[in-house]
Amino acid sequence: MGREFFPQARFDEDRGSKGVAVNMEGAPWSPRVARLGLIILLVFALIEGRLWSMQAIDGGRYLELSEQNRLRDYKVPAPRGVIYDRRGHPMVTNRPAFTVGVLPMEVSNPQGLATLLAPMLGVERDEMLARLEAGRVRPFEPVALRRDVPKSAVMTVEERRLDLPGVIVQAEPVREYLLGGLGTHALGYLGEITEEELRSRPQYRAGDLIGKSGVERTYDTHLRGENGRLRVEVDAAGRPVRVLSRKSSRPGHSLVLNIDANLQEIAEKGLRGRTGAVVVMDPRNGEVLALASAPTFDPGLFSGGISPADWRRLTSDRRLPLMNRSVESTYEPGSVFKMVTGLAALGEGVARRDSRFECTGSLQLGRWVFRDLVAHGTVNFIKGTAVSCNVMFWQLGRALGEARLEHYARALGLGRVTGIDLPGEATGLVPSAAWKQRVWKEPWYPGDTLNMSIGQGFVLTTPVQIARMVGAVATGGKLARPHLARRVLSPDGTEVMAFGREIEDAPLTLTPAAVHAMREGMRAVVEGGTGAAAAVPGMTIAGKTGSAENPRGIPHAWFAGYAPVEDPALVVVVFVEHGRRGGEVAAPIARALFEAARPLLVPHPEGLVRP
């Protein structure tokens, strides 16, 4: 009876087959067949579900992937704004260059690509692999492997295009420094934005160039412009076939500086072969006409992305060429600090113009003897300032006390940033009894006051702070914020922004007699005193020299002065690291600057000559 229900089985048996019996009359399938049918149904269901998912849910993404195989969206870098000096002479412009990059999504064999491409571009293979790996975070964005690539290398890349999947060549502007390395620390340089910078600047993209120092960094948002986009159809080898759409880039704004290129050149020439800084400033409005730091470097090294070898060379140089010594370094001011002591003594009635002091070449303080280089005999305040008599200033400092010295130093802008429009400005240090107790766990000794009164001990300043302080002496207590930027211009030359003067009154009560006496003493410094080497015939100059003892070796050399005395329009500060004598090394550099600036020292209602 059972076999009647399985005619197919009988059919198979008749054929000698071992096949499975099938119910042709609606009877239930065998369990094995039923399971097989169920599996088939599930497979089809999964396939259909996946197809639905790919079309309905992920359709957009897969369409985008498909388009990516045919289309390329490239960033069109915007030319950065031109940087001019105060006379309108361009200092930094742009020039076209080639950049070779790669699309990480198209690179399946990065090791092979790097082995082949690195020699063509002159880039280290490991560096290329690191860049490629970092770019995989955004695989559709081109990663620049080398900027400012020579034409010969570009031709080689194009010839080997089929062997270089994912490699692209783009044209983009790079910085060109028309005056070579002149004004490097004021202008600054560019570099690729870092991950840390990206986190604080969401408007930037990976691979963007950003100002790393100088005004390039301070005014980066004005200079950088707005990048454009280019959509291109490419062939199977990744070669452009046609442009589908284009969004033009918008050039950045231009920047006009207060820098005078002629003075800048003279300042840097004076520092050549030395380590130091120069600041030239108009004390009436804070305009910085020259700002130099030595040793310096070639900013063109960064135009196409600095090589690892050049970067190692610059960063391992013990002279620290990347450091802007005019604002980032602090030094013992030495005798230029005597301007603080002198003004404090005159302002507090401790001394007058005709006060007399006996200089025996030393001063006894308890069991300690403080010795000067020379015994000047009897000097008045003017003579003592002219010859930089330590004994006189020790006596003034002891009479004033540490607290009043600190008050006048801070009131003249020391111990705090000046607000100059450059990054990395150092604060400096004006010590006090509380500071010494907190940091050194020691009380303030009378000897500390004597050291402070001549700019030794714990006092630390930057050259730009000294320039601001001299400006306050020259103007009778006006503290001008130093600034390099003068105007921001749109690409068509329209003024977008102008930077005016920012002046604050030093919190001091100075009588005209006190200010006059200090100026007279500083004038005597140049007219036959320790700063005679800064004198320029026919020009009235006031100044103060300094030879600052320091624990690092030979004393530092300073000169800080202004001109003309009757109508101060120019402050010059020269600092030479381990220059030994300010009157012998720093003052001659200042003289060259005063001489060169003579045409500028013409009274002008809005400041110095404008472009």
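This is a short dialogue on how features of a predicted model earn their labels.

Student: How do you know how far to trust the chain?
Tutor: By pLDDT. The protein chain averages 88, and 91% of the residues score at least 70.

Student: Which stretches have pLDDT under 50, residues 1-21 for one?
Tutor: Residues 1-21 stay under 50, with ten contacts beyond four places in sequence. Residues 605-611 also stay under 50, with 22 such contacts. Where pLDDT is low, the predicted coordinates should not be read in detail.

Student: On to the rings. How many aromatic pairs does the structure hold?
Tutor: Eleven aromatic pairs. Y189 and F297 form one of them, with centres 5.8 Å apart and 85° between the planes.

Student: What makes the pair of Y189 and F297 edge-to-face?
Tutor: Two values decide. The centres must lie within 6.5 Å, and the planes must be over 60 degrees apart. At 5.8 Å and 85°, Y189 and F297 meet both conditions, so the pair is edge-to-face.

Student: What makes this a link between distant parts of the chain?
Tutor: The partners are 108 residues apart. Y189 lies in the loop between helix 7 (184-187) and strand 6 (190-192). F297 lies in the loop between strand 12 (288-294) and helix 12 (308-316).

Student: Are Y189 and F297 buried or exposed?
Tutor: Y189 is buried, and F297 is buried too. Y189 and F297 also belong to one aromatic cluster with F302 and W311.

Student: Why is the pair of Y331 and F575 called tilted?
Tutor: Stacked needs planes under 30 degrees apart, and edge-to-face needs over 60. The planes of Y331 and F575 stand at 40°, with centres 4.1 Å apart, so the pair is tilted. Y331 sits in the loop between helix 12 and helix 13 (338-347), F575 in strand 23 (residues 570-576), and 244 residues separate them.

Student: Why does Y331 count as buried?
Tutor: The cut-off is under 20% relative accessible area. Y331 has 5% relative accessibility, so Y331 is buried. F575, at 0%, counts as buried as well.

Student: Why is A309 called partly exposed?
Tutor: Partly exposed lies between the buried limit of 20% and the exposed limit of 50%. A309 has a relative accessible area of 43%, so A309 is partly exposed. A309 lies in helix 12.

Student: What makes R224 sit over the ring of Y204?
Tutor: One condition is a charged end within 6 Å of the ring centre. The charged end of R224 is 3.8 Å from the centre of the Y204 ring. The other condition, being within 35 degrees of the ring normal, is part of the label too.

Student: Now the sheet. Which strand order does the open sheet of five strands have?
Tutor: The order is 12-11-23-22-21, with antiparallel pairing.

Student: Why do strand 12 and strand 21 stand at the edges?
Tutor: Each has a single partner strand, so one side of each is left without a neighbour in the sheet. Strand 12 is still mostly covered: seven of its seven residues are buried.

Student: How do you know that strand 11 and strand 12 pair?
Tutor: Pairing needs at least two bridges. Strand 11 (residues 276-281) and strand 12 have six, in the antiparallel sense. M281 stands opposite V288, and V279 opposite L291. Six residues lie between the strands of this hairpin, where G286 takes a positive phi near 85°.

Student: What about strand 22?
Tutor: Eight bridges pair strand 22 with strand 21, antiparallel. Seven bridges pair strand 22 with strand 23, also antiparallel. Both counts satisfy the minimum of two. The hairpin of strand 21 and strand 22 has two residues between them, while six residues join strand 22 to strand 23. Nine of the eleven residues of strand 22 are buried.

Student: How do you know that strand 2 pairs with strand 10?
Tutor: Strand 2 (residues 83-84) and strand 10 are joined by two bridges and run parallel. Two is just what the cut-off of at least two asks, so they pair. I83 has L255 as its bridge partner in strand 10. L255 in turn has V488 as its bridge partner in strand 18. Strand 10 and strand 18 (residues 485-489) share four bridges in the antiparallel sense.

Note on methods:
Residues are numbered from 1 along each chain as its sequence is written. This is a predicted model: local features need pLDDT of at least 70, side-chain atom pairs count only at pLDDT 80 or more; totals for chains, interfaces and linings use all residues. Side-chain values use heavy atoms; hydrogens and water are left out. Rings of Phe, Tyr and Trp (its six-membered ring) pair if their centres lie within 6.5 Å; planes under 30 degrees apart count as stacked, over 60 as edge-to-face and the rest as tilted. Buried means under 20% relative accessible area, exposed over 50%, partly exposed in between (1.4 Å probe, protein chains only). pLDDT is the predictor's confidence in each residue, from 0 to 100. Contact means heavy atoms within 4.5 Å.
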